[in-house]
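Reader: I am new to this structure and should like to understand the terms applied to it. May I see it before I ask?

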Amino acid sequence: MVLKVKGVLIDLDGTIVDSREAYAEALKMTWEKLGLKNLNPEVALELPRRLEQNQPIDDLIGNVDVETFLEIYLKTYYAITGNKTKPLPNVSKTLESLSKRVKLALLTMRRVPKEQVISELEKFGIAKNFQCIVTALDTPLPKPSPKAILTCAEMLGVEIGECAVVGDSVCDIRAGKSAGAKTVAVLSGIFSLEELAREKPDLILRDVNELPNVLE
């Protein structure tokens with residue numbers, strides 16, 4: 001299948017940057033701050049998967065109050081992403097190629113000022129490829145609500161039906177579909193092929209580097 005689009009709205013964590021080390025480090029630091037014992041390393045990836053889908057996390061964190069845990073965990077995660085994330089292989093070249101063919105926007109669920117995201121992307125040399133960057137702080141309703149996607153498309157000056165939302169999570173696909181955009185799931189993040197296929201995206205790719213090959 002070939003996608004005919006003028007705008008591409010790309011997710012951040014798991015789509016263009018590898019955040020696994022940041023997830024693991026944030027969990028470890030939160031565990032230590034709360035004086036918890038017996039850290040199960042598998043929780044590091046299960047936690048963001050659950051949070052992404054608004055699922056309960058009580059069974060992952062023992063007897064700790066969820067709000068207290070999340071306040072520390074998210075604050076820690078956002079504080080270390082600048083140092084603990086890295087661009088996925090070949091992403092820089094791919095984004096450069098895409099930015100010459102379509103209008104690119106970055107859309108992230110991180111609740112941080114966009115300046116923080118821009119500085120992380122500048123460090124990787126990829127900020128210049130995006131015409132707009134929207135974080136969870138820029139919209140009253142972050143993904144899976146379609147609001148952020150519609151805001152992004154408006155900022156790009158592209159009709160939503162001529163946009164593709166590209167992401168590694170079920171929320172990216174749900175938000176894209178409810179906004180009326182085309183949807184592309186990538187397998188470079190923390191969700192499985194089965195989980196993503198259930199959402200029926202227009203395309204499923206191994207990673208974002210395959211995207212230029214499927215755009216008309």
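Reader: Which residues does Ile 10 touch, not counting residues up to four places away in sequence?

Author: This is a predicted model, in which local features need pLDDT of at least 70 and side-chain atom pairs count only at pLDDT 80 or more, while totals for chains, interfaces and linings use all residues. Residues are numbered from 1 along each chain as its sequence is written, and side-chain values use heavy atoms, with hydrogens and water left out. With contact taken as heavy atoms within 4.5 Å, Ile 10 touches Thr 15, Ile 16, Leu 95, Leu 98, Leu 104, Ala 105, Leu 106, Leu 107, Val 166 and Val 208.

Reader: Why does Glu 120 count as buried?

Author: Buried means under 20% relative accessible area, exposed over 50%, and partly exposed in between (1.4 Å probe, protein chains only). Glu 120 has 3% relative accessibility and therefore counts as buried. Its contacts beyond four places in sequence are Val 17, Thr 81, Gly 82, Thr 85 and Arg 110.

Reader: What makes strand 1 mostly covered?

Author: Strands (E, at least two residues) and helices (H or I, at least four) are DSSP runs, numbered from the N terminus. In strand 1, residues 7-11, 5 of the 5 residues are buried. Gly 7, Leu 9 and Asp 11 point one way, and Val 8 and Ile 10 the other.

Reader: How do you know that strand 1 and strand 4 pair?

Author: Two strands pair if DSSP finds at least two bridges between them. Strand 1 and strand 4 (residues 103-107) have 5 bridges, in the parallel sense, and Ile 10 stands opposite Leu 106. Strand 1 also pairs with strand 6 (residues 163-167), in the parallel sense over 4 bridges.
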